[in-house]
Amino acid sequence: MSENKKAEKIVGVKGMNDILPSDAALWELFENTVQSVLKSYGFQQIRTPIVEPTALFARGLGAVTDIVEKEMYSFVDSMNGDHLTLRPESTAGVVRAALEHNLTYDGPKRLWYMGPMFRHEKPQRGRYRQFHQVGAEALGFTGPDVDAELIMLCQRLWDDLGLQDIRLELNSIGNADERSRHRADLVAYFEQHKELLDTDAQRRLQSNPLRILDTKNPTMQQMVNAAPKLLDYLGEESRAHFEGVQKILRHNNIPFTINPRLVRGMDYYNRTVFEWVTDQLGSQGTVCGGGRYDPLIEMFGGKPTPACGFAIGVERLLELLKANGEQYVPNQCDVYVVHQGEAAQLQAFVVAERLRDAGLDVILNCASSSGGSSFKSQMKRADASGAGYAVIIGDDEVAQGVAAVKNLRAEEADNNQVTVPLESVAAHVLDQIVCGDGCDDPTHHHHH
């Protein structure tokens with residue numbers, strides 16, 4: 001390689017995005033809100049590995065689902081021949097962990113998780129190959145009450161985030177034998193109307209007839225609308241469970257519509273299924289999906305344990321927050337420390353540490369490749385940092401044992417700079433922030 005040839009840049013993997021500092025404020029706001037809402041319902045966080053045995057998903061998601069057939073990042077570990085997969089979702093991993101560590105032996109558990117998932121899909125708006133989910137799983141609860149609780153938890157989360165147009169769709173998909181009776185009748189019904197089926201639908205007739213119900217083809221709409229409805233096939237128990245969920249939601253004024261079309265892609269769901277949808281994101285309208293999955297734990301070799309949960313697509317939800325016009329301007333710091341000269345630099349470190357001891361966020365000007373160590377350029381940076389105050393130390397100040405404290409947000413230009421002994425800088429700034437000239441100013445920034 002010749003001396004002057006620039007090294008070639010490596011770019012990130014397609015469909016896997018960097019979350020840059022400019023987005024951090026939004027992500028943090030979301031994560032903190034999620035954390036406090038889940039905590040307020042008694043959910044505890046669980047963190048499972050990103051890599052799981054491939055068999056976990058083949059068994060849990062059903063070998064013929066799209067995810068397992070086309071979307072999983074699976075590989076053989078060249079060190080030992082293990083078949084591994086980057087998790088496409090988290091329920092299977094959480095259930096595996098619960099079984100492996102016998103989490104439900106002393107009673108049911110409310111768990112939640114947050115983190116990256118991986119699916120090899122065509123990258124498009126709101127769909128990424130590495131994307132993030134927040135989810136909750138309630139393991140060991142039988143009744144409709146926990147289903148309703150999870151839904152109310154979601155509602156509280158939307159309220160706390162200030163999201164308006166998210167609506168709840170609800171359905172029950174009963175149990176396996178109710179579904180198979182319905183499926184048989186559905187196939188028979190589609191066979192009767194074979195002349196109306198497009199090629200897509202004909203292909204699905206044997207493999208996955210339920211997917212035909214999702215068709216967007218206008219010529220099939222009327223026929224599909226008249227197809228047998230799963231709700232009519234529910235037995236006594238399934239019906240009572242579904243009624244129970246609705247009763248609690250109604251009593252708590254949580255609006256919902258029953259959508260008999262609502263199904264779940266995974267094999268392990270039963271009874272309650274729900275989705276939170278919005279019209280703000282084009283056709284990709286689902287921001288949260290959930291439901292009951294009582295059969296899963298037994299499928300994984302545990303003793304039969306009921307379970308219910310949901311997962312939220314974080315990127316989608318953040319798009320919705322942005323669409324709602326929420327502005328999250330990060331306040332990078334409270335105080336910016338400006339200094340010039342070697343003695344001043346040493347003193348600046350001491351002052352900055354004292355300010356941090358007092359609970360403030362402080363940026364200390366450090367030498368940079370773009371130069372700009374003059375007072376003027378440092379003050380520019382101080383201003384851009386969003387800090388309320390600049391602490392300024394030069395040779396004169398060091399000699400006198402003082403620092404200048406400048407209010408960067410003062411309206412009137414005069415008297416917004418004072419000289420303070422070095423040892424009282426922290427107390428002075430704190431005093432200014434908590435009170436000082438901002439006591440009656442409603443826009444004043446209070447530091448918590």
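**Helix 5 meets helix 9**

Tutor: In this predicted model, helix 5 uses P144, D145, D147, A148, I151 and M152 to meet H241, G244, V245, I248 and L249 of helix 9. Sorted by class, that contact holds 7 nonpolar, 2 polar and 2 charged residues.

Student: What makes these residues count as being in contact?

Tutor: The cut-off is heavy atoms within 4.5 Å, and the residues just named from helix 5 and helix 9 meet on that basis.

Student: Why are helix 5 and helix 9 called oblique to each other?

Tutor: Their axes cross at roughly 40°. Angles under 35 degrees count as roughly parallel, and 65 to 115 as roughly perpendicular. The crossing fits neither group, so helix 5 and helix 9 are oblique. The axes also come within 8 Å, and the crossing is right-handed.

Student: What makes a set of residues a nonpolar core?

Tutor: Its members have to be buried, of the listed nonpolar kinds, and joined through side-chain atoms within 4.5 Å. The largest such core here has 46 residues, and I151, W158, L249, W276, F310 and L317 have the most contacts inside it. Helix 5 gives the most to this core, with 9 residues.

Student: Which residues does L249 touch, leaving out those up to four places away in sequence?

Tutor: L249 touches A148, I151, M152, L168, L170, I254 and F256. There's also a second, separate core of 27 residues, including A92 and F131.

Student: How much of the chain is buried?

Tutor: Buried means under 20% relative accessible area, and such residues make up 46% of the 448 in the chain.

How values were computed
Residues are numbered from 1 along each chain as its sequence is written. This is a predicted model: local features need pLDDT of at least 70, side-chain atom pairs count only at pLDDT 80 or more; totals for chains, interfaces and linings use all residues. Side-chain values use heavy atoms; hydrogens and water are left out. Axes are lines fitted to C-alpha atoms, for helices over the stretch in contact, and angles run from 0 to 180 degrees between N-to-C directions. Helices (H or I, at least four residues) and strands (E, at least two) are DSSP runs, numbered from the N terminus. Angles under 35 degrees count as roughly parallel, over 145 as roughly antiparallel, 65 to 115 as roughly perpendicular and the rest as oblique. A crossing is left-handed if the near helix is turned anticlockwise from the far one by less than a right angle, and right-handed if clockwise. Ala, Val, Leu, Ile, Met, Phe, Trp, Tyr, Cys and Pro count as nonpolar, Asp, Glu, Lys and Arg as charged, and the others, Gly among them, as polar. Buried means under 20% relative accessible area, exposed over 50%, partly exposed in between (1.4 Å probe, protein chains only).
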